[in-house]
Amino acid sequence: MEYKLLIDGALVDGASAIEVVNPATGQPFAAAPRADEAQAKLAIAAARRAFPAWAARDYAGRRGYLEQLATAIEARAEDFARLLTQEQGKPLEQARQEVMGTVAALGYYAEQELAPRTLRETAEDRIVEQRYPLGVVAAITPWNYPLLLLMLKVAPALITGNTVIAKPAPTTPLSTLMLGEVAAAILPAGVFQTLVDRNDLGALLSAHPGVAHVSFTGSTPTGRKVLASASDTLKRFTLELGGNDAAIILDDADVAKVAPAIFAGATTNSGQICLAVKRVYAPRAMMDALCEELARLAAEAVVGDGLEQGTTIGPIQNRAQFEKVLALIEDARARGTIVAGGEPSSRDGYFIAPTIVRDLPDDARLVREEQFAPVLPVLAYDDLDDAIARANDSDFGLGGTVWTSDVERGIAVAARIESGTVWVNKHLDLPFDVPFGGAKQSGIGRQQGIEGMEDFTQTRIVNAALG
Ligand code: NAD
């Protein structure tokens, strides 16, 4: 299959090409077109040209395009899913869920509308808040959910009247390119475009005066760069960044119920989820039973190629991340006790068996840093206040979970966690109508829900004297 960039309504070759590696084999399996700066500038110019007509349509005039796009993606759902598994690594069933989530996100946003809001209506005056689109949006995405995270930007940006340039991570460009191919037959030229780079065009997009908004999902260090490069033109931005989410287990929790939920929360998508469980705080008396149960679940997991039937945990997405995780495991081995996993796989590809580590000090790398891998530190606490303080002792503040048999107690603990989302007795429940985003250095702005649409608009107050 030959992949093309979508620029100004045309499917075109890149200025050069990059190899895309299947993380389950460590071998290239496809080539992607790579755009150069000139192509990026062409895309920005085309997006600017397309903007007035797209913005001038009302919601009803744009809705049909989003619905058509959803139908067209759904018609190719299996192609998208298999491609996602090959480029990203996740088990095919999880890839299918990502594709259907993408279709559902489009469907949800197709139906939404930001109506003007009357702030005051008296005999003397009428004051109305209107929202209008910003212009060209750069949607910059990471490699863990290449399609779903992109659509959580594209759908709200398009329905509110913006034009969008999608720039995926260099290791997972193909699903974005396939989306471009599908969109080419549906959307007017310049309304949606795709650029693939080698980590060199994100900075151009973030700094370019022709881009009005950068919607960025990725790591906190790159997010800081986006923030800096947006400052010259005071452009708008949304930053969805890293996390180091704590799971706090209360002393009344049932280990048999909680352990599978925590294990899934830490290992789904090989732990490469911004909102994954990244550290566990458990009452000291519960530690042995909990670690035993987590180790049992780790031993039962089937680590392998996502295209193989029965695989529950796929590879780490890319070599750089794989090597970072191996270094974190070595550090953990030196400072704690590995109760499951911890050994590199003998097969080709970037496989890490689910790894459970206990007895680490609070300053261990695996506790402080975002591992983005199925490698989980389990830490003991003696006093709940202390556990909450340790959970909050982080520059990150994306999510978190509380596990208990007393939900009201759980909600009271959640209210003390400094994070954008805290779940009680559940995890990764992210309905499209509920906004999410980071506290502290986990981000600025919100995605999903109406707030996730508002981020792509500018408010205008129209204040009229009556009579
Ligand atoms: P990354 O920061 O390395 O890359 C993200 C994107 O930024 C890529 O497309 C990359 O090409 C681009 N980029 C690189 N340099 C840039 C620059 N100077 N300016 C603009 N863009 C640039 O992140 P990653 O390693 O691909 O993804 C993993 C990270 O993403 C983790 O930290 C994870 O927690 C985070 N993440 C956050 C969320 C969330 O919603 N908060 C969701 C998923 C992933």
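The questions and answers below concern a predicted model, its nonpolar core, its ligand and one loop glycine.

In this predicted model, local features need pLDDT of at least 70 and side-chain atom pairs count only at pLDDT 80 or more, while totals for chains, interfaces and linings use all residues. Residues are numbered from 1 along each chain as its sequence is written, and side-chain values use heavy atoms, with hydrogens and water left out.

Me: Which helix gives the most residues to the largest nonpolar core?
Reply: A nonpolar core is a set of buried Ala, Val, Leu, Ile, Met, Phe, Trp, Tyr and Cys residues joined through side-chain atoms within 4.5 Å, where buried means under 20% relative accessible area with a 1.4 Å probe and protein chains only. The largest one has 86 residues, and those with the most contacts inside it are Ile73, Leu187 and Phe192. Helices being DSSP runs of H or I, at least four residues, numbered from the N terminus, the one that gives the most, with 10 residues, is helix H5 (residues 148-159).

Me: How far from an oxygen atom of the ligand is the polar side-chain atom of asparagine 199?
Reply: Asn199 is among the closest of the 30 residues that surround the ligand, counted when a heavy atom lies within 4 Å. For this polar side-chain atom and the ligand oxygen, the distance is 2.5 Å.

Me: Is glycine 271 buried or exposed?
Reply: Glycine 271 touches Phe372, Ala373 and Pro374, among others beyond four places in sequence, contact meaning heavy atoms within 4.5 Å. Because its relative accessible area is 2%, glycine 271 is buried.

Technical notes. Buried < 20%, exposed > 50% of the residue type's maximum accessible area, 1.4 Å probe, protein only. Helix = DSSP H or I, 4+ residues; strand = E, 2+ residues; numbered from the N terminus. Polar contact = N/O pair within 3.5 Å; in protein donor to acceptor, adjacent residues only side chain to side chain.
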